[in-house]
Every structure is written in structure tokens, then in C-alpha cells.
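Here is a quick tour of a protein model for someone who likes to look at atoms. Have the structure open and rotate along as you read.

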Amino acid sequence: MTVSVRARRLIAGAASAGLMAGASVLGVSATANAATAPSAVASTVTGDRDHRSDRWDRHERHDRNDRCTWVKGHWGKQWVKGHWEWKWQQGSWHQGYRDHHGNWHDGWWGKGHWGKQWVPGHYVSHWVPGEWKCHHKW
């Protein structure tokens with residue numbers, strides 16, 4: 001059942017030689033065919049369509065600029081409703097004091113902490129980049 005490598009190469013070479021010979025025969029017949037009927041070739045070339053749908057054929061040619069308009073970038077405003085935000089509460093200065101024994105304690109800065117703070121509704125400005133707005137005009 002096993003065919004040697006030499007036999008496989010011999011069969012592959014013969015098959016490729018036969019394919020090349022067949023292709024050359026077909027090529028010769030194709031050129032002879034084209035030489036005898038030039039009018040058939042010309043009719044197929046001129047009758048070729050542009051692969052557009054019937055909708056495009058019913059109307060004159062439209063390109064992208066007819067259907068689309070460029071909208072420049074601009075600053076837009078958007079309403080943000082009121083919400084709670086975490087905000088850093090700065091540390092505050094605690095005054096020095098004298099305790100009930102008469103000893104003086106120096107003042108100190110508190111470390112600060114995160115705390116919730118209510119932010120009422122407001123407008124936020126944001127940049128809207130330019131874009132093509134396409135509309136079907138026809």
C-alpha cells in the first residue's frame with residue numbers, strides 16, 4: 001500500500017506536465033477564438049454595469065458630499081442632576097489650650113478625611129468632536 005517517494009515524485013511530475021500542456025492548448029484556443037470574433041468582446045465590455053443597485057441607476061450620480069454634511073467640533077452643555085460626591089475635607093487647625101492643671105497644650109493640624117458632600121444640579125461643558133452627519137436627501 002505504501003508508495004515510495006520516488007514513485008510519488010514521478011507521478012506528480014507527469015501530472016503537472018499534463019496540466020501545463022492542457023493549459024497551453026486552452027490558451028491557444030482562447031486567443032484563436034478571440035481573434036475571430038472581436039465584436040462579441042466589445043459588446044460584453046460596453047454592456048458591463050457598474051455594480052450599483054437600481055436605486056442608484058434611477059437617479060443621477062450622488063457622492064458622499066451630497067448626502068452628508070460636516071459638523072464642526074463645538075463645546076456642548078449637558079445637565080447633571082444633583083448628587084452626592086466624596087470630597088476631601090481639609091484638616092483644620094485646633095487651637096492650643098490650657099488644661100485644668102494649668103499645663104499648656106500646643107495647637108495642631110488635623111489630618112483631614114474623606115466626607116460626602118451634596119452637589120446640586122448643574123451644567124457641565126464638554127467637547128463634542130467634529131463628525132459627518134449623513135441624511136438621505138432623496
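What follows goes from the overall layout to the links and side-chain pairs that join its parts.

## The overall layout

First things first: this is a predicted model. The secondary structure comes to four helices and ten strands, and reading along the sequence gives α-α-α-α-β-β-β-β-β-β-β-β-β-β. In other words, the four helices come before the ten strands.

Not much of this chain is hidden: of the 138 residues, buried ones make up 5%. The accessible surface comes to about 12,500 Å², with carbon and sulfur atoms accounting for 59% of that area. As for contacts, take those between residues at least 6 apart in sequence: 72% of them join residues at least 24 apart.

## The disulfide

There is one disulfide in the structure, and its partners are Cys68 and Cys134. Their sulfur atoms sit 2.1 Å apart. If you check the torsion, you'll find 100° about the S-S bond, which makes the link right-handed.

Where does the pair sit along the chain? Cys68 belongs to strand S1 (residues 68-71) and Cys134 to strand S10 (residues 131-134), so the bond links distant parts of the chain, 66 residues apart. The two ends are covered to differing extents: Cys68 counts as buried because its relative accessibility is 6%, under the 20% cut-off. Cys134 has a relative accessible area of 48%, so it counts as partly exposed.

## The aromatic pairs

How many aromatic pairs does a search of the whole structure find? The count is six. Two of them are described here.

One is the pair of Trp79 and Tyr123, an edge-to-face arrangement with 5.0 Å centre to centre and 70° between the planes. Trp79 is part of strand S2 (residues 74-80) and Tyr123 is part of strand S9 (residues 122-128), so this pair ties together parts that are 44 residues apart in sequence. Both Trp79 and Tyr123 are exposed.

Then there is Trp93 with Trp109, also edge-to-face, at 5.8 Å centre to centre and 65° between the planes. Here the pair ties together parts 16 residues apart in sequence, because Trp93 lies in strand S4 (residues 93-94) and Trp109 in strand S7 (residues 108-109). Trp93 is partly exposed, at 42% relative accessible area, while Trp109 counts as exposed at 58%.

## The tryptophan patch and strand S3

Three more tryptophans turn up on the surface: Trp86, Trp88 and Trp114 make a nonpolar patch of about 420 Å². Trp88 is placed in strand S3 (residues 83-89), and at 37% relative accessibility it counts as partly exposed.

Glu85 is in strand S3 too, and it is partly exposed, with a relative accessible area of 36%. Setting aside neighbours within four places in sequence, Glu85 is in contact with Gly115, Lys116, Gln117 and Val119. Also worth a look is Trp118: its C-alpha atom is 6.3 Å from that of Glu85, although 33 residues separate the two along the chain.

## The salt bridge

Side chains of opposite charge can pair when their charged atoms come close. The structure holds one salt bridge, formed by Lys133 and Glu131, with 3.4 Å between the closest N and O atoms. Both partners count as partly exposed: Lys133 has 36% relative accessibility, and Glu131 has 35%.

## Around His126

Which residues does His126 touch, leaving aside its neighbours within four places in sequence? The contacts are His74, Trp75, Gly76, Lys77 and Gln78. His126 itself lies in strand S9, and it is partly exposed, with 32% relative accessible area.

His74 is a handy reference point here. From C-alpha to C-alpha, His126 and His74 are 8.6 Å apart in space, with a sequence separation of 52 residues. Strand S9 also holds Tyr123, the partner of Trp79 in strand S2, so you can inspect that aromatic pair and the surroundings of His126 in one view.

Notes: Residues are numbered from 1 along each chain as its sequence is written. This is a predicted model: local features need pLDDT of at least 70, side-chain atom pairs count only at pLDDT 80 or more; totals for chains, interfaces and linings use all residues. Side-chain values use heavy atoms; hydrogens and water are left out. Rings of Phe, Tyr and Trp (its six-membered ring) pair if their centres lie within 6.5 Å; planes under 30 degrees apart count as stacked, over 60 as edge-to-face and the rest as tilted. Helices (H or I, at least four residues) and strands (E, at least two) are DSSP runs, numbered from the N terminus. Buried means under 20% relative accessible area, exposed over 50%, partly exposed in between (1.4 Å probe, protein chains only). Contact means heavy atoms within 4.5 Å. Accessible areas come from the Shrake-Rupley method with a 1.4 Å probe; for residues, only the protein chains shown count as cover. A disulfide is a pair of cysteine sulfur atoms within 2.5 Å. A salt bridge is a side-chain nitrogen of Lys or Arg within 4 Å of a carboxyl oxygen of Asp or Glu. Patches are made of residues with over 30% relative accessible area and no salt bridge: like charges are joined within 9 Å, nonpolar side chains (Val, Leu, Ile, Met, Phe, Trp, Tyr) within 5 Å.
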